[in-house]
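Thank you all for coming. I would like to walk through one structure with you, and I will put the sequence and the model up before I say anything about them.

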Amino acid sequence: MTVIDAGQRRNRFTTHAHGFLGQDGKDPAAIWAEARNQLLAYPSVTWIDGHAEMVAGDKDGFTITTKAGAVASGRRLLLATGLADQLPEVDGLAARWGKTVLHCPYCDGYELGGRAIGVLASHANALHQAELLTDWGTVTLLLNDAVAPDGAQRNALALRGVVVEETPVATVQNKADVLLSDGRVLHFAGLFTTTRTSPASDLAARAGCALAETPSGTQIWTDDTKATSVPGIYAAGDVARGAHSVSLAVADGAWAGMQIHRSLVWPQG
């Protein structure tokens, strides 16, 4: 087995991982390093540091070439490239991404310790995000001209204790403070927002794999066995599932690995 790793983990912007049993609070870079060492303990594993740029061939005879010119071959190909996040265009937001600007209530909600939480809307999912986060703090939903809740949605938000702020955001400053366009400053322990996502690499598209649109962006289409639309190519992790977290991505990869092995034992199964 050959692993090609570009070192561009989706969670590289943060220093603490949560929601991953046995690894809670660890630096994602340390989790990655430990996983690499565990894999390399197997003599059948080859590790290539590089960016996979081109795939050629087909089922039972794939060849992958990196930008640096390294070449690997295999009977099956598993794409676990992860996603790239496109943040709302708000000044100061990107510099705090993965630190005090977050996206997953289940990964980082508890850690805010019941303090004030801001939800910066980018599309309709922000309403659900705001309702969920009320179990971990006092929540203000910053509409920022991105969404316009109707009466029923506003009632649902009010029932969960969400404060709705209509005034647009000018900038994010300090730790997670929000300067509004009218000059007011709202102080938060953390900000949540929903990003637009797309595969971190275009390798799947260039290999002819079908893509699927989701409420939050684009991912690689797979069936229940994690097989893509191209025979012999599989995909796993955030790039090939709707719900995103490290623990779910690991489980997805384990399932894909089992299905790949089964396809080699029973090619017509």
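**Cysteines, a small sheet and one arginine**

Let me begin with Cys107, which is buried, its relative accessible area being 15%. Please keep in mind as we go that this is a predicted model. Cys104 is likewise buried, with a relative accessible area of 10%, and the structure as a whole holds zero disulfides. For anyone looking at these two cysteines, they count as buried because the cut-off for that word is under 20% relative accessible area.

Now to the sheet, where three strands are arranged in the order β12-β13-β14, as an open sheet with antiparallel pairing. The edges are taken by β12, residues 169–173, and β14, residues 185–186, and because each has a single partner strand, one side of each is left without a neighbour in the sheet. Strand β13, which covers residues 177–180, pairs with β14 in the antiparallel sense over two bridges, and if you look for Leu179 you will find that its bridge partner in β14 is Val185.

Finally, I come to Arg96, which lies in the loop between β7, residues 83–86, and β8, residues 101–102. Which side chain of opposite charge is nearest to Arg96? That is Asp91, 7.2 Å away, and Arg96, although buried, has no salt bridge. Leaving aside residues up to four places away in sequence, Arg96 touches Val101, Val172, Gln173, Asn174 and Lys175. Of these, Val172 and Gln173 fall within the residue range of β12, 169–173, which brings us back to the sheet.

Terms used: Residues numbered from 1 in each chain as written. Predicted model: local features only at pLDDT ≥ 70, side-chain atom pairs only at ≥ 80, totals over all residues. Heavy atoms only, no water. Disulfide = S-S within 2.5 Å. Buried < 20%, exposed > 50% of the residue type's maximum accessible area, 1.4 Å probe, protein only. Pairing = 2+ DSSP bridges. Helix = DSSP H or I, 4+ residues; strand = E, 2+ residues; numbered from the N terminus. Lys, Arg positive; Asp, Glu negative; His and termini not counted. Salt bridge = Lys/Arg side-chain N within 4 Å of Asp/Glu carboxyl O. Contact = heavy atoms within 4.5 Å.
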